[in-house]
Amino acid sequence: SRHGVMWLVAEAQSCRIDVERVSAPAEHWRCAPMPGPLGVVNFHETEAGTLWAVIRGSGVVRWTGEAWERLPGLADLASDHMTSLSPSPRGGAWLV
């Protein structure tokens, strides 16, 4: 990430660690459950530093700093099948 953090997704959780500590023992990694059982398709970090993830079969979530949060407005879309996020010229992100 832009903030010197490395993310790793394994099974149903995402784990992160400061880049300088990548070779540190496992207890230094911080992990959080990922919503949805099918895994991450794509990550996107905005210029402002917000981290987003496209989850196969579950739509899009964003990292709050403590947990992954589903966006309630996405339930109104015709489908939750998305393959990626692309940066918008205005600073947001396009769902593809």
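**Entry 1: V40**

I began with the contacts of V40 and found that, apart from neighbours within four places in sequence, V40 is in contact with V9, M34, A53, V54 and I55. I note at the outset that the model is a predicted one. I placed V40 in strand β4, which covers residues 40-45. I then asked whether V40 is buried or exposed. The relative accessibility of V40 is 22%, so I entered V40 as partly exposed; the limit for a buried residue is under 20%. I also looked up I17, which is 23 residues from V40 in sequence and 18 Å from V40 in space, taken C-alpha to C-alpha.

**Entry 2: H44**

I stayed in strand β4, where H44 also lies. I recorded H44 as buried because its relative accessible area is 11%. I next asked which residues are in contact with H44, leaving aside neighbours within four places in sequence. I listed T50, L51 and W52, then L85, S86 and P87, and lastly G92 and A93.

**Entry 3: Aromatic rings**

I turned to the aromatic residues and counted four aromatic pairs. I examined one of them, F43 with W68: the ring centres are 6.1 Å apart and the planes stand at 40°, so I entered the pair as tilted. I located F43 in strand β4 and W68 in strand β7 (residues 68-70), so this pair ties together parts that are 25 residues apart in sequence. I checked the accessibility of each partner. F43 has a relative accessible area of 31% and is partly exposed, whereas W68, at 10% relative accessibility, is buried. I then asked which residues form one aromatic cluster. I found W7, F43, W63 and W68 in that cluster.

**Entry 4: Disulfide**

I searched the whole structure for disulfides and found one. I identified the partners as C15 and C31, with their sulfur atoms 2.1 Å apart. I placed C15 in strand β2 (residues 13-18) and C31 in strand β3 (residues 30-33), so the pair ties together parts that are 16 residues apart in sequence. I looked up the torsion about the S-S bond, which is about 110°, and therefore entered the disulfide as right-handed. I compared the cover of the two cysteines. C15 is buried, with a relative accessible area of 8%, while C31 is partly exposed, with a relative accessible area of 40%.

**Entry 5: A12**

I located A12 in the loop between β1 (5-10) and β2. I classed A12 as partly exposed because its relative accessibility is 43%. I asked what A12 touches, not counting residues up to four places away in sequence. I recorded A32, P33 and M34. M34 had already appeared in my list of contacts for V40. I also looked up A12 with G39: these residues are 27 apart in sequence, and their C-alpha atoms are 6.8 Å apart in space.

**Entry 6: Nonpolar surface patch**

I looked for nonpolar residues on the surface and noted a patch formed by M6, V19 and V22. Together these residues have about 210 Å² of accessible area. I followed up V19, which lies in the loop between β2 and β3. I entered V19 as partly exposed, since its relative accessibility is 44%.

**Entry 7: Salt bridge**

I recalled that side chains of opposite charge can pair when their charged atoms come close. I then asked how many salt bridges a search of the whole structure finds. I found one. I identified its partners as E69 and R62, whose side chains meet at 2.8 Å, N to O. I entered E69 as partly exposed, at 32% relative accessibility. I entered R62 as partly exposed also, with a relative accessible area of 30%.

**Entry 8: L95**

I closed with L95, which I found in strand β9 (residues 93-95). I classed L95 as partly exposed because its relative accessibility is 37%. Leaving aside neighbours within four places in sequence, I listed V60, L74, L77, M82, S84 and L85 as contacts of L95. L85 is also one of the contacts I had entered for H44. I looked up P72 as well, which is 23 residues from L95 in sequence and 15 Å from L95 in space, C-alpha to C-alpha.

Note on methods. Residues numbered from 1 in each chain as written. Predicted model: local features only at pLDDT ≥ 70, side-chain atom pairs only at ≥ 80, totals over all residues. Heavy atoms only, no water. Helix = DSSP H or I, 4+ residues; strand = E, 2+ residues; numbered from the N terminus. Buried < 20%, exposed > 50% of the residue type's maximum accessible area, 1.4 Å probe, protein only. Contact = heavy atoms within 4.5 Å. Disulfide = S-S within 2.5 Å. Patch = residues over 30% accessible without salt bridge, like charges linked within 9 Å, V, L, I, M, F, W, Y side chains within 5 Å. Areas by Shrake-Rupley, 256 points an atom, 1.4 Å probe, with all protein chains shown as cover. Salt bridge = Lys/Arg side-chain N within 4 Å of Asp/Glu carboxyl O. Phe/Tyr/Trp six-rings, centres within 6.5 Å; stacked < 30°, edge-to-face > 60°.
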